[in-house]
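Welcome! Please open the structure in your viewer and keep the selection tool at hand.

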Amino acid sequence: METSMVLAELRRRGYRLTPQRALIIEEIFRNVEKHVSLRELHAIINRRLPGVSISTVHQTLKLLEGLGFIKLFELDGKLHIDKPHVHANIVCRDTGEIIDADSDVKAIVESLSERGIHPTNIIVEARCRDRKENPQEQQKT
Ligand SMILES: [Zn+2]
């Protein structure tokens, strides 16, 4: 979704859009693809506009989630931002990266929906490096 569309929709709904809030919203949509965490987002915003509190960023995220523009999910105790449609988030345990998989989970979502179950978030844990390269890790199990 385009930031300008979201801002227009918020104005239409009567929300007051200060320059600070507009900048926060702009950075949310600029970084949604990367699934940044609340803390990462706060750091990014503070680089452009020092002094914005983390609770202001959090409130803006909650507002956008409530209106269906984004989705928030928790992973390892951190709050991450995401696009609102149902898709799988592939979490790489080697790099910490979160990437989207859309078409791969269509069949799962459809078959669950037939049974009245509607997934809101699908998290797939993955690794990108050969585990044999790290023998210490394997010894733990
Ligand atoms: Zn995602």
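The tour below goes from the whole chain to a core, a hairpin and a pair of domains.

**Before you start.** You are looking at a predicted model, in which local features need pLDDT of at least 70 and side-chain atom pairs count only at pLDDT 80 or more, while totals for chains, interfaces and linings use all residues. Residues are numbered from 1 along each chain as its sequence is written.

**Stop 1: the whole protein.** Show everything as a cartoon. You should find 6 helices and 5 strands; these are DSSP runs numbered from the N terminus, with helices being H or I of at least four residues and strands E of at least two. Following the sequence, the order is α-α-α-α-β-β-β-β-α-β-α. The C-alpha trace spans about 55 × 40 × 20 Å along its principal axes. Of the 141 residues, 15% are buried, meaning that 20 or more other C-beta atoms, placed from the backbone, lie within 10 Å of the residue's own.

**Stop 2: the largest nonpolar core.** Select Ile28, Leu41, Leu61, Ile70 and Ile81, the residues with the most contacts inside the largest nonpolar core, which has 14 residues. Such a core is a set of buried Ala, Val, Leu, Ile, Met, Phe, Trp, Tyr and Cys residues joined through C-beta atoms within 7 Å. Now colour helix H2 (19–31), helix H3 (38–48) and helix H4 (54–66), the elements that give two or more residues to this core. H2 provides the largest share, 4 residues. Next, centre on Ile70: leaving aside residues up to four places away in sequence, Ile70 touches nine neighbours listed by name, among them Ile28, Leu61, Ile81 and Pro84. Here, contact means that the C-beta atoms, placed from the backbone, lie within 7 Å.

**Stop 3: the hairpin.** Select strand S1 (residues 71–75) and strand S2 (residues 78–82), which run antiparallel and are joined by 5 bridges. Strands pair if DSSP finds at least two bridges between them. Which residue in S2 stands opposite Leu75? Click on Lys78 to see the partner of Leu75. The hairpin has 2 residues between S1 and S2, and Asp76 in the turn has a positive phi of about 50°.

**Stop 4: two domains.** Colour domain 1 (3–82) and domain 2 (88–131) separately; these bounds come from an automatic or database domain assignment. The C-alpha centres of domain 1 and domain 2 are 24 Å apart. Where the domains meet, 5 residues of domain 1 are in contact with 5 residues of domain 2. S1 and S2 return here, since each supplies at least two residues of the side of domain 1 that touches domain 2.

Notes: A residue is buried if 20 or more other C-beta atoms lie within 10 Å of its own, exposed if 12 or fewer, and partly exposed in between; C-beta atoms are placed from the backbone. Two residues are in contact if their C-beta atoms, placed from the backbone, lie within 7 Å.
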